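Reader: I've got a structure to look at and I'd like to know the reasoning behind the labels. Can we go through it together?

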Amino acid sequence: MSIEVKDVMGRVAIAVLADASFADIVAAMKRFAVGAVTVIDADRRPMGVVSEDDLLLKEIDTVRHSVSMFESGRQRREHEKAAGVTASQLMTSPAITVTPGVGLRDAARLMHDRRVKQLPVIDPVSGRIVGTLHQRDVLRVFTRPAGELEADVRAVLPASGTFTVETESGVVKVGGRVCRRSQVMALAEAVRGVEGVVDVVCEVVCDDDDLVIVPPLL
C-alpha cells in the first residue's frame, strides 16, 4: 500500500496572515514548536513561508538600509527581510506546497531537494491550506507496526513463489527461491521501495545466473 501525505500529515494548518507582525510570527512558532509558518492570504491560500532563518536576519544583518550596486539579488532580498516587520515582508515566496494525495516518498524528496523541514498541505481544488506536513511526520513511516510492514512487503513479492519474511526495526529479511538471479535483484529492489523499509537482507537463492557475462571469443 502506497502511503500518501494525507495518511501522516498534521491536520492543523500552522499559518499566519500576511499582515502578522514579527512578534506574532515568533509567538506562533513557539506555540506550535515549529521552525517555520506559512503565510496565507484572506482566502487561506499560501503566499509564502517565514522560517527561523528569515527571522534571524533581523539579528545578523546590521546594514539593513544600505544598498550596494555590487550586491547580488539574494543579498538585496536578505536586506529587505532584515528590515521587514510583517509576514509578507519577511516571507520567502512562493510557498512550496503539496496536496493530500501526493505520495509520501515524493513529498520527502521535495523536502530534501528544496531544503525545507515542513510543507503546507493544500486542497487541490480550492488551493486553501488544510494542514502541514513536517519532517517528523515523514519519519513516522519508519515506526510502522511490524505486521503492517510485513503485509506490504509480501504484497510486492511474486505470487508464484513461497517466501519467508522477517522484520525487525524496519530491516526486512526475505528468504525463498526463484528461477533467475535477475529476479532476485528485482525482488530486492521492490522490497526496498516499500515505505518504512530501512534496509533489506535478501537471502533468496536462484537456480540460474542469467546475469553472467560471457567474454567474447578471441
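Author: Below we take the labels one by one and set the values against the cut-offs. Keep in mind that this is a predicted model.

Reader: Okay, let's start with cysteines. How do you know how many disulfides there are?

Author: A search of the whole structure turns up zero. The rule asks for a pair of cysteine sulfur atoms within 2.5 Å. Take Cys202: the nearest cysteine sulfur belongs to Cys206 and is 9.7 Å away, so against the 2.5 Å cut-off Cys202 is in no disulfide.

Reader: And what about Cys206, why is its sulfur not in a bond with the closest cysteine sulfur?

Author: The closest cysteine sulfur to that of Cys206 is in Cys179, at 9.5 Å, which is too far for a bond.

Reader: Are Cys202 and Cys206 buried or exposed?

Author: In between. Cys202 has 31% relative accessibility and Cys206 has 29%. Buried means under 20% and exposed over 50%, so Cys202 counts as partly exposed, and so does Cys206.

Reader: Now the salt bridges. What makes Arg109 and Asp106 a salt bridge?

Author: Their side chains come to 3.0 Å, N to O. The cut-off is 4 Å between a side-chain nitrogen of Lys or Arg and a carboxyl oxygen of Asp or Glu, so the pair qualifies. Arg109 and Asp106 are three residues apart in helix α6, so about one helical turn separates them. Arg109 is partly exposed at 43%, and Asp106 is partly exposed at 45%.

Reader: Why is the contact between Arg140 and Asp137 called a salt bridge?

Author: At 3.9 Å, N to O, the pair falls within 4 Å, so the label holds. Asp137 is buried, with a relative accessible area of 8%, whereas Arg140 is partly exposed at 45%.

Reader: What do Glu4 and Lys6 form?

Author: A salt bridge, with the closest N and O atoms 3.3 Å apart. Glu4 is partly exposed at 23%, and Lys6 is partly exposed at 39%. By this rule the count comes to 11 salt bridges, and Arg144, Glu148 and Asp152 are linked in a network of them.

Reader: Back to α6. How do you know that its buried residues are on the same side?

Author: The buried residues are Leu104, Ala107 and Met111, in α6 (residues 104-114). They cover an arc of only 60 degrees around the axis, which puts them on the same side of α6. The face turned away from that buried side carries the exposed residues His112 and Asp113.

Reader: What covers the buried residues of α6?

Author: The cover includes α1 (5-8), β4 (118-122), β5 (129-134) and α7 (135-139). After α6 comes Arg115, whose phi is positive, near 55 degrees.

Reader: Why is Thr38 called buried?

Author: Thr38 is at 1% relative accessibility, and buried means under 20%, so the label fits. Thr38 is found in strand β2 (residues 36-40). Among the residues that Thr38 touches, not counting those up to four places away in sequence, are Ile14, Val16, Pro46, Val49, Pro120 and Ile129.

Reader: One last thing: what makes Val171 eligible for a surface patch?

Author: Patch members need over 30% relative accessible area, and Val171 has 31%, which counts as partly exposed. Val171 is found in strand β7 (residues 171-180). Together with Leu139, Phe142, Val198 and Val201, Val171 makes a nonpolar surface patch of about 400 Å².

Definitions and conventions
Residues numbered from 1 in each chain as written. Predicted model: local features only at pLDDT ≥ 70, side-chain atom pairs only at ≥ 80, totals over all residues. Heavy atoms only, no water. Patch = residues over 30% accessible without salt bridge, like charges linked within 9 Å, V, L, I, M, F, W, Y side chains within 5 Å. Areas by Shrake-Rupley, 256 points an atom, 1.4 Å probe, with all protein chains shown as cover. Helix = DSSP H or I, 4+ residues; strand = E, 2+ residues; numbered from the N terminus. Buried < 20%, exposed > 50% of the residue type's maximum accessible area, 1.4 Å probe, protein only. Arc of directions from axis to C-beta. Contact = heavy atoms within 4.5 Å.
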